[in-house]
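Here's a quick walk through a chain you can load up and turn around as you read. Keep the viewer open next to the text.

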Amino acid sequence: QVQLVESGGGLVQAGGSLRLSCAASGLTFSPYAMGWFRRPPGKEREFVAATRWSGGSPYYADSVKGRFTLSRDNAKNTVYLQMNSLKPEDTAVYYCAIRKRIMSTSSSYYYSYNYSYWGQGTQVTVSS
């Protein structure tokens, strides 16, 4: 059974950095894509970043471009989200997710319903 475990969340002051990790286990297939989403307090879940498992440039939400960097270690079945210059509005529960099947358009990466497997989430709180 596929399991995704996020770690690295915590409390940080505005301007600080955090690095989130998402380790996948129980994979019997090679994922097509892995993504990060977040749910701010009282809001809907939103896209943060995603990448094709086989390589290529990651996709980022406009709100995090230039501040967040997604990377992956295929040998460890792990993806990372380096978050720099954090802002209070980055406060959210961060989730990683896996897409098993091919997505035909780049815009597909942005929608949470295209991802089948989800982690439990890790809380990120940015104080002002």
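What follows goes from the overall fold to one hairpin and then to the surface and charges.

## Overall fold

First things first: this is a predicted model. The chain has zero helices and 11 strands, so read along the sequence the pattern is simply β-β-β-β-β-β-β-β-β-β-β.

## Size and packing

How does the radius of gyration sit against that of a compact globule? For 128 residues, the globule rule puts the value near 14 Å, and the chain comes in at 14 Å, so the two agree. Along the principal axes, the C-alpha trace spans about 40 × 25 × 25 Å.

As for what's tucked away, 45% of the 128 residues are buried. If you take the contacts with a separation of 6 or more, 59% of them link residues 24 or more positions apart.

## A hairpin to zoom in on

Try strand S7 (residues 68-73) and strand S8 (residues 78-83): they pair in the antiparallel sense, with six bridges between them. One of the residues to click on is Thr-69, whose bridge partner in S8 is Gln-82.

Four residues lie between the two strands of this hairpin. Asn-77 takes a positive phi there, near 50 degrees.

## Surface and charges

The chain's accessible surface adds up to about 6,600 Å², and carbon and sulfur atoms own 45% of that area.

On the charge side, you get 14 positive and 7 negative charges. How far apart are their mean positions? They are 8 Å apart.

Key: Residues are numbered from 1 along each chain as its sequence is written. This is a predicted model: local features need pLDDT of at least 70, side-chain atom pairs count only at pLDDT 80 or more; totals for chains, interfaces and linings use all residues. Side-chain values use heavy atoms; hydrogens and water are left out. Two strands pair if DSSP finds at least two bridges between them. The radius of gyration is taken over C-alpha atoms; the globule rule is 2.2 Å times the number of residues to the power 0.38. Buried means under 20% relative accessible area, exposed over 50%, partly exposed in between (1.4 Å probe, protein chains only). Contact means heavy atoms within 4.5 Å. Accessible areas come from the Shrake-Rupley method with a 1.4 Å probe; for residues, only the protein chains shown count as cover. Lys and Arg count as positive and Asp and Glu as negative; His and the chain ends are not counted. The place of a charge is taken as NZ of Lys, CZ of Arg, CG of Asp or CD of Glu.
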